[in-house]
Amino acid sequence: MSTKKIERKRNLTLPIIIKKKIDGLNYDKKDDLITIYSAILQSQDFFKTDFSAVYGYTPVSHKQLDKYTTEHRRRKAIKFLEENGLLEVNRSYSNYDDNVYPMSYRIPPMMVSKTVQWKIEDNKINKKIKENIKKYVNCRSKAITKVKLAKSRYFKTFTIDLEPALKAIEQKTFEDVKGLLKQLKMDVSDVNIMEMINVESDSYSLTGNMLKNQIINAEGGHRLIYILQQRMINESRVSNIADGFFYFKRNKTNNRLDTNLTSLASYLRPFIKYNNNKEELVNVDLKNSQPFFFYTLLLREENKINKDELKLFGELVTGGTLYEYLCDKWIGEMDRENMKKNLFKILYSKNNSYRKLKQFFNSIFPSINQYIEEKKEVEHNQIAIQMQKMESNTILDIILPKLFKKNIVPLTIHDSFIVGRSEVDVVMDAIYEVCEELYNCIPSLHQDKMEIAYVDEVKYSIEEDITGLDLNKIRKNMKGFVIDKKLMKLMGYNDKDDWDFFEQHPEIWALADITYEDEYGIERFDMNDYIVTPEYNAYVEEQINKMEIN
């Protein structure tokens, strides 16, 4: 008679307020409830829409929700959580251009809190968790053939110093809240801030929750929920690494390697442990990386570019000083980090957006600007994809195998390598050699020790107000609306006039959830990517009825 194998008990992450609520409820399979929150938090790793981050809803597919349980058990669990006020569900599907986007879920704002671990007792769920981890470890995708050695080392030796990392997340949350309160001109003691961000109950009688409610209801205070959500997401990420929930895959669009490390906030990277921490870790990266690969594109079509412009652009890029040069040319104040973001807007956004920035760039590099606009005329994301493919091919398919032969197996974060101190010179020589051979030019490199640092002053980039409207006031009346084809038609627009519609009706643009933030933190627009809310449906129906009556 065969005995049933008892699987190792795994941990899943959830907000502490939710955990305490579930502890006090009667439900026959509580582990099922925890898998729902785990799926939501894991999905938020890839959830970068600014508007949706403010509202808190995360699209999660049924496939993701059913990863550890069955459809029947998942439906029952979600219904129970909803009925007990522990989960909010937006059941309106977004159906646009024949694409269907999944329903979205959010943790109630007053229950967004620090996270804790829940030990899974259900043997079947533990078995499925093990199978999912094993699926990534044993993946033999052709796309990662050349990086399989790095993958092997990654799964065997990559981990994180969990407790210090969690402490750093708490500290970062504290600094973010403090920065927000400074903007809101609210005087709150450090003790009360710490009490609020670490509150373990949603009871309104607690000082922390009274303060949270006061901040949320202040003009611009909704950003507090975003900050607390980021804490949950970052705590989930470091806990996943500590518990062995790894992913390691090549992106099908740009061929980049996506891992737990690439999604980890930069201030948490010093807490990683790799190759048994045999020596101090150092990060080696390409300065002006994306402009460098863009420059190599220009060299291929130099007959289209003014020679003096190309020479100046090349000198700035290979010297690693392009952003500083543009800052000097900008009328007014502009720091390097913001100029970097602005250059990406120039390179990657649609031709009819960010006109002021593009006029500025055009005044310095007119023929390069013309080349950019011609390349983006049909598909505005082609330059970005092309450069990222060049970067991933250079880093992962050429430099990495060269390093393997020298018995160096680094961690990679797109355009950078994390290696031991003794390996830095070999890595830098390999980068120089490959770039010289492939592109007949070499980039500037930068190296820095993986040191722990905290941000003193927080700068918020949530919701760049492109329309000049007061989004906070608008949000009080209507939330998360997007355009409807029927409404467009009634207002005299064709189906393909989306962009014209938004330009001429900024009041709807401001409400439309059509923005997303790419991996560089740049706000982009995508008419195919939004979440339809019940409020939106009611609003559009009301507008259509009014227009049909008239």
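Which residues in H10 meet Leu224, Ile225 and Leu228 in H11? In this predicted model, the residues on the H10 side are Lys212, Ile215 and Ile216. Sorted by character, the residues of the contact of H10 with H11 comprise five that are nonpolar and one that is charged, with no polar residue.

The geometry of this helix pair was also computed. Helix H10 spans residues 207-216 and helix H11 spans residues 223-242. Their axes lie 8 Å apart, and the helices pack at an angle of about 125 degrees. Angles from 65 to 115 degrees count as roughly perpendicular and those over 145 as roughly antiparallel, with the remaining angles above 35 degrees termed oblique; H10 and H11 are therefore oblique to each other.

A second part of the model is an open sheet of four strands. In general, the strands of a sheet pair through backbone hydrogen bonds, and the pairing can be parallel or antiparallel. Here the pairing is antiparallel, and the strand order is E13-E14-E12-E15. Strand E13 (411-413) and strand E15 (445-449) are the edge strands, each pairing on one side only. On average, neighbouring strands of the sheet are turned by 25 degrees against each other, direction ignored.

Within the sheet, strand E12 (residues 281-286) and strand E14 (residues 416-420) run antiparallel and are joined by five bridges. One residue of E14, valine 419, is the bridge partner of valine 282.

The sheet is also contacted by a helix. Helix H18 (residues 382-404) lies across E12, E13 and E14. Relative to E14, helix H18 runs at about 15 degrees.

Definitions and conventions:
Residues numbered from 1 in each chain as written. Predicted model: local features only at pLDDT ≥ 70, side-chain atom pairs only at ≥ 80, totals over all residues. Heavy atoms only, no water. Pairing = 2+ DSSP bridges. Helix = DSSP H or I, 4+ residues; strand = E, 2+ residues; numbered from the N terminus. Axes fitted to C-alpha atoms, helices over the stretch in contact; angles between N-to-C directions. Contact = heavy atoms within 4.5 Å. Nonpolar A, V, L, I, M, F, W, Y, C, P; charged D, E, K, R; others polar.
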